[in-house]
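Me: I would like to learn how to read a few features of a structure, taking the general idea before the particular case. Could we begin with pairs of charged side chains?

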Amino acid sequence: MRCAVIGAGMAGILAAIKLNEAGYRDFTVYEKASRLGGTWRENTYPGLSCDVPSHLYSYSFALTPDWSHRFSPGPEIQAYFERVAEEHGVVPRIRFGDAVAGCVFSDGKWHLTTASGHRDEVDVVIAATGVLHHPKYPDIDGLDTFDGAMFHSARWDHGAQLDGARVGIIGTGSTAVQIVSAIVDRVAKLSLFQRTAQWVMPQENPAYTYEERAAFREQPEKLAGLHQNLSDMFDIFANAVVDSESAEIKMIEQACLANLENNVHDPALRERLRPEYRAACKRLIISPDFYDAIQRPEAELVTEAIESIEPRGVRTKDGRLHELDVLVLATGFKADAFMRPMEVVGRNGMTLEQAWSPRPEAYLSISIPEFPNFFMLNGPNGPVGNFSLIEVAEIQFRYVMQLIERIRAGECREVCATRDALADFEHAREQAAQRTVWVTGCRSWYLDDLGVPAVWPWSFVRFLEQWKAADLRAYELA
Ligand code: NAP
């Protein structure tokens, strides 16, 4: 039985390790870039870190005592994935620098074609292509006319001079906030163009001491205990956001409000930073120092809407030209692209574009009817907004393995979700989404074109239960 894993990011590395452990020897990991790491390879902006604590944002089977901080910096996370992949023998399995362009199911096999023209024929495809990786560029007049260095946050231009420069940042999501705190000391002037204010949860980011790290090294049970404690604490957040009336979400709101009231000193600035929607409706910003940074003399919060971009800077609707040397577009990602633009064609010539018209859907976010033996990790409508994605990928892969094992055991040749199972799941998901904080009145990348959150709307406990054992009634086994 031959498998293909598409993508050598966090989920693809995991799939390769687990396939290997289960005795699968015939598989290739396809990676479009020349390095593994996914989002941690692509994002190299100053201040990059993960808002999931590092001891939780680790594979459960590869905990490390060496994390430098509670929320360790991006390059350290990238180095972690490279090390784990190396130690588990994944690297020789990866075909680097060759994107899968097409994936067509015929005669019981998936036929893969890469950008270089290489062809492969496999029984099972695991698409581990990530969620937030197609940069979304803003539709602003004159975008291409800017004379200085301009780039998306996920395409950071390290040749651009920041020290002593006038830097503009469009956007106030998690990315922009991290960049602001990281560069405000270095620039002559920082203009942050805010379209919508954000709630900010203050979370300190202490370094682990030498002694703490030594203790983790000497007592692995301490490390495992920390991983479990963090997972339990994260569940509180995960459960809070799916119930907009929960006591926990109200505590989060109070903490964000107190952060704003106590730490922004100028009343006028405070009002401009005050969101008009509920905390955690958009992805909650975690930052210990954003408010400090935006109150620095070098920083300016620009709340006037952008009119256009000109060769010398950004012009706002009040007619003012904000002159800039560097312009960073921290404007987010196309969250509904997934493995597209890859051409995927399932049974009976059904294309992914047809299956995903008008919007992406998959049973439990892993399986699409008429796309047999094609499994996604962190696919559409999964828990991207409330759980640690690394934990999610591990749980999802364990589940997917149950289906793959049936093929290996010869119980069937083709497995995919039934249309009924998908319809029932989507119906229940849409209903449950109405209780979540994500629908309480804000714009966010969680919402699909109908305003329904494309996110798992239930608790973590329910997630664990549902993913423990595959309910075979939901699948067509041919
Ligand atoms: P984002 O949350 O989608 O934020 C994009 C920002 O750009 C928003 O403030 C948006 O304004 C603004 N924007 C978009 N188009 C605009 C336009 N035409 N004019 C003016 N403003 C515009 O993107 P992100 O910050 O890159 O974060 C995406 C996700 O990546 C996060 O939610 C998180 O899941 C993940 N991430 C996590 C971390 C972390 O671990 N801390 C760090 C970075 C990213 P509106 O709000 O008005 O739409």
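Reply: Side chains of opposite charge can pair when their charged atoms come close. In this predicted model, Lys250 counts as partly exposed because its relative accessibility is 37%, and Lys250 forms a salt bridge with Glu245, the closest N and O atoms being 3.1 Å apart. Glu245, at 52% relative accessibility, counts as exposed.

Me: How many salt bridges does the model hold by this rule, and which residue does Glu261 pair with?

Reply: The count comes to 38 salt bridges. Glu261 forms one with Arg270, where the closest N and O atoms are 3.9 Å apart, a value to be read against a cut-off of 4 Å. Glu261 is partly exposed, at 31% relative accessibility, whereas Arg270 counts as buried, at 17%.

Me: Where in the chain do Glu370 and Arg347 lie, and is Glu370 buried or exposed?

Reply: The salt bridge between Glu370 and Arg347 has its closest N and O atoms 3.2 Å apart. Glu370 lies in the loop between helix H10 (352–355) and strand S19 (374–376), while Arg347 lies in the loop between strand S18 (343–345) and H10, so the pair ties together parts that are 23 residues apart in sequence. Glu370 is buried, with a relative accessible area of 14%, and Arg347 also counts as buried, at 14% relative accessibility.

Me: What does Glu370 touch, leaving out residues up to four places away in sequence, and which residues are linked with Glu370 in a network of salt bridges?

Reply: With those residues left out, Glu370 touches Gly346, Arg347, Asn348, Met350, Cys416 and Arg419. The network of salt bridges links Glu370 with Arg347, Glu414, Arg419 and Glu476, so Arg347 and Arg419 appear both in this network and among the contacts of Glu370.

Me: Let us turn to aromatic rings. How should a ring pair be read, and how are the rings of Trp110 and Phe371 arranged?

Reply: A pair of aromatic rings is described by the distance of the centres and the angle of the planes. The structure holds 29 aromatic pairs, and the one formed by Trp110 and Phe371 is stacked, with 6.5 Å centre to centre and 20° between the planes. This pair links distant parts of the chain, 261 residues apart, as Trp110 is in strand S5 (residues 109–114) and Phe371 is in the loop between H10 and S19. Trp110 counts as buried, at 0% relative accessibility, and Phe371 likewise counts as buried, at 0%.

Me: What are the centre distance and plane angle for Phe425 and Trp458, and into which cluster do ring pairs link them?

Reply: The ring centres of Phe425 and Trp458 are 6.2 Å apart and the planes stand at 50°, so this pair is tilted. The two residues come from distant parts of the chain, 33 residues apart, with Phe425 in helix H12 (residues 419–433) and Trp458 in the loop between H12 and helix H13 (460–466). Phe425 and Trp458 are both buried. Ring pairs link them into a cluster with Tyr363, Phe387, Tyr399, Trp456, Phe460, Phe463, Trp467 and Tyr475.

Me: How is the packing of two helices described, and at what angle do the axes of H6 and H7 cross?

Reply: Two packed helices are described by the angle between their axes and the distance between the axes. The axes of helix H6 (residues 220–241) and helix H7 (residues 247–263) come within 7 Å and cross at roughly 100°, which makes H6 roughly perpendicular to H7. Ile236, Phe237, Ala240 and Val241 of H6 make the contact with Glu248, Ile249 and Ile252 of H7. By class, this contact has six nonpolar, no polar and one charged residues.

Me: Which residues of helix H5 are buried, and what does Leu19 of helix H1 contact beyond its neighbours within four places in sequence?

Reply: In helix H5 (residues 210–218) the buried residues are Ala214, Ala215 and Phe216, and what covers the buried residues of H5 includes H6. Leu19 is found in helix H1 (residues 10–21) and is buried, with a relative accessible area of 0%. Beyond those neighbours, Leu19 is in contact with Cys3, Val5, Tyr24, Phe27, Ile126, Phe397 and Met401. Leu19 and Val5 are 14 residues apart in sequence, and their C-alpha atoms are 9.8 Å apart in space.

Terms used:
Residues numbered from 1 in each chain as written. Predicted model: local features only at pLDDT ≥ 70, side-chain atom pairs only at ≥ 80, totals over all residues. Heavy atoms only, no water. Axes fitted to C-alpha atoms, helices over the stretch in contact; angles between N-to-C directions. Helix = DSSP H or I, 4+ residues; strand = E, 2+ residues; numbered from the N terminus. Parallel < 35°, antiparallel > 145°, perpendicular 65-115°, else oblique. Contact = heavy atoms within 4.5 Å. Nonpolar A, V, L, I, M, F, W, Y, C, P; charged D, E, K, R; others polar. Salt bridge = Lys/Arg side-chain N within 4 Å of Asp/Glu carboxyl O. Buried < 20%, exposed > 50% of the residue type's maximum accessible area, 1.4 Å probe, protein only. Phe/Tyr/Trp six-rings, centres within 6.5 Å; stacked < 30°, edge-to-face > 60°.
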